Amino acid sequence: MKMISLAAGVLLLSGLSASAATDKAVVTLNDSPFATDTIMPEIYGQFAEHLGTCIYGGLWVGPESPIPNTNGYRNDVLNALRELKVPVMRWPGGCFADEYHWMDGVGPKENRPRMVNNNWGGTVEDNSFGTHEFFNLCELLGCEPYLSGNVGSGTVEELAKWVEYITAEDGPMATLRKQNGREKPWHLKYLGVGNESWGCGGDMLAPYYADLFRRYGVYCRNYDGNKLFKIASGASDYDYDWTETLMKKAGHQMHGISLHYYTCYSWDKPKGYALDFTTDQYYWTIGKCLEIEDVVKRHAAIMDVYDPGKRVALLVDEWGTWWDEEPGTIKGHLYQQNTMRDAMVAALSLNVFHKFTDRVRMTNIAQVANVLQSMVLTKGDQMVLTPTYYVFKMYVPHQGARVIPCHIESKKMKAENERGSKPRTFQTVSATASEKNGVVTLSLTNVDLDNDCEVKVELGSLGVKKVNGEILTAKNIADYNDFGKPELVSPEAFSGAKLNGNILTVKMPAKSIVNLTLTK
Ligand code: AHR
């Protein structure tokens, strides 16, 4: 691959081969004693849908399984997720949510009816993983449950009773819950009123959905001290009209509105495989992923008009890479592998979310296991930790930390823009920083496939005395972790950061993610 220098230091990719060089970049940490914005832990949320082997096989094997488990939940996956300090888990969909009837998933397993999972490959769902299994999982992981309610094919009564079943101390639904083995109500904060209501969730028009949201909001009540945070089913990608209509007609009734943004080439054409991509496709991925910044900005600007006090949260409750299913896997199950390219998308997206702490208060990567950009992949009793998993692990210190704004000057690149003739432009270096309990975490990304980068970090008045670091990189950008093989992509200790007063010099290899812990 060759980089062609353009005016103003912008590089265009040509598909030819380049010689490696060392670029230079400057990152300035603009800390201020007045900065108070917190990176909500919920930015690191997960999403688990009844889709492919996300639930069955991925999280849940049942208590009778020979695969080591705790009350039916796989021990290896539980332990891996505990390391990520998962703050919130969204369930049961996705598109599945609007065909899910919760009553089918409670009570004795042998009495639970079966259904066809029409959205996802026509697989028969036996409802053995239902409300109790989900809420108990959240308790085991210590995370908040985020319930997606059925608006598309359900009724107001059905969703209202689900809330009552989960959260009421007494009454007919609480009695049923107790008969089913759970005495105490669970805690439920996040309630999604439908999913993709403009599409698989009912193909509605925005004004109609806005009315429905208001109606559901009336009957989904707060029982016995439980307080619901009601989330409207929001837009996908560039559908700013949907956000505008909902904010105008129902903004006062909602606590949050969602946004879905996938790093995905096209909905109706091949998307390419996770493991098989060209250099140009790699840089396209980076450009598309980073475009989320503009998309969030534009949705947030609309919200500002109707909610200048920023009471309503924007929740990016589905994001991540979406490639074609791995060859040989079941159609409709959205099983994809995960390479260093996906790790880049995870890091860059999280860096962007950190910039919008005033609006973006939750995100949920799609999905936690065996579907799209997963944390873990499972096959029988084996489990693989993906490169994306490792980004989430490296970024744990950012959860709940105070964000430190960064200014970055680095080389710019251009990549194909499938939405228009103007290429997407991005910087090769991305950075995010935060501070918690006196410790600063600085995460840096160099997306360049060929060139190392010497990054000068201006620390200002932070008073840093010591630096520790780890790095996630790979020999090839398409490297991944596979079953029964040694890990090719996992974090290693990093010694390329040198401190000199309030200047930190970081020698970043090409295609790397570096996480630095700065202590005072
Ligand atoms: O995450 C897979 C699917 O993508 C979800 O079910 C749906 O909400 C979205 O279109």
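These legends accompany close-up views of a predicted model.

**View 1. Eight strands form a closed barrel.**
The strand order is E4-E7-E10-E11-E12-E13-E14-E15. Pairing in this barrel is parallel. On average, neighbouring strands of the sheet are turned by 30° against each other, direction ignored.

**View 2. Strands E13 and E14 pair within the barrel.**
E13 covers residues 256-263, and E14 covers residues 313-321. The two strands run in the parallel sense and share seven bridges. Tyr261 stands opposite Trp319 in E14. In a regular strand, side chains alternate between the two faces of the sheet.

**View 3. Helix H6 lies across E12 and E13.**
H6 spans residues 240-250. Strand E12 spans residues 229-236. The helix runs at about 150° to E12.

**View 4. The ligand is surrounded by 14 residues.**
Glu49, Cys95, Glu196, Tyr262 and Glu318 come nearest. Three residues are picked out here for their polar atoms. In the side chain of Glu49, an N or O atom is 2.7 Å from an oxygen atom of the ligand. Cys95 approaches through its backbone: an N or O atom there lies 2.8 Å from a ligand oxygen atom. Gln367 offers a side-chain N or O atom at 3.0 Å from an oxygen atom of the ligand. On its own, the ligand has 280 Å² of accessible area, and the protein covers 95% of this.

**View 5. A cis peptide bond joins Ala366 and Gln367.**
Omega is about -5° at this bond. Gln367 sits in the loop between strand E15 (360-366) and E16. The side chain of Gln367 also has an N or O atom 3.0 Å from a ligand oxygen atom. Leu372 lies in the loop between E15 and E16 as well. Leu372 is not a glycine, yet its phi is positive, at about 50°. Is Leu372 buried or exposed? Its relative accessibility is 1%, so Leu372 counts as buried.

**View 6. A cis peptide bond joins Trp91 and Pro92.**
Here omega is about 5°. Pro92 is found in the loop between strand E7 (88-91) and strand E8 (115-117). Strand E7 is part of the barrel.

**View 7. Strands E16 and E17 form a hairpin.**
E16 holds residues 376-379, and E17 holds residues 382-385. They pair in the antiparallel sense over four bridges. Leu377 stands opposite Val384 in E17. Two residues separate the strands of the hairpin. In this hairpin, Gly380 takes a positive phi near 55°.

**View 8. Leu334 has a positive phi.**
The value is about 50°, although Leu334 is not a glycine. Leu334 belongs to the loop between E14 and helix H9 (340-353). Its relative accessible area is 9%, so Leu334 is buried.

**View 9. Arg311 lies in the loop between helix H8 and E14.**
H8 covers residues 292-306. Arg311 has 40% relative accessibility, so it counts as partly exposed. Which residues does Arg311 contact, leaving aside its neighbours within four places in sequence? They are Gly251, His252, Met254, His255, Arg359 and Arg361. The backbone oxygen of His252 is 3.5 Å from a polar atom of the Arg311 side chain. Arg311 and Gly234 are 16 Å apart in space, C-alpha to C-alpha, and 77 residues apart in sequence.

**View 10. Thr279 and Leu449 are 170 residues apart along the chain.**
Their C-alpha atoms are separated by 8.3 Å. Thr279 is found in helix H7, which spans residues 279-290. How far does Thr279 reach in relative accessible area? The value is 27%, so Thr279 is partly exposed.

**View 11. Asn451 and Asp23 are joined by a polar contact.**
The contact is between their side chains, at 3.3 Å. Asn451 lies in the loop between strand E23 (439-446) and strand E24 (452-458). Buried means under 20% relative accessible area. Asn451 has 7% relative accessibility, so it counts as buried.

Definitions and conventions:
Residues are numbered from 1 along each chain as its sequence is written. This is a predicted model: local features need pLDDT of at least 70, side-chain atom pairs count only at pLDDT 80 or more; totals for chains, interfaces and linings use all residues. Side-chain values use heavy atoms; hydrogens and water are left out. Buried means under 20% relative accessible area, exposed over 50%, partly exposed in between (1.4 Å probe, protein chains only). A polar contact is a pair of N or O atoms within 3.5 Å; within protein, one must be able to donate a hydrogen and the other to accept it, and residues adjacent in sequence count only if both atoms are side-chain atoms. Two strands pair if DSSP finds at least two bridges between them. Axes are lines fitted to C-alpha atoms, for helices over the stretch in contact, and angles run from 0 to 180 degrees between N-to-C directions. Contact means heavy atoms within 4.5 Å. A residue is near a molecule or strand if one of its heavy atoms lies within 4 Å of it. Accessible areas come from the Shrake-Rupley method with a 1.4 Å probe; for residues, only the protein chains shown count as cover.
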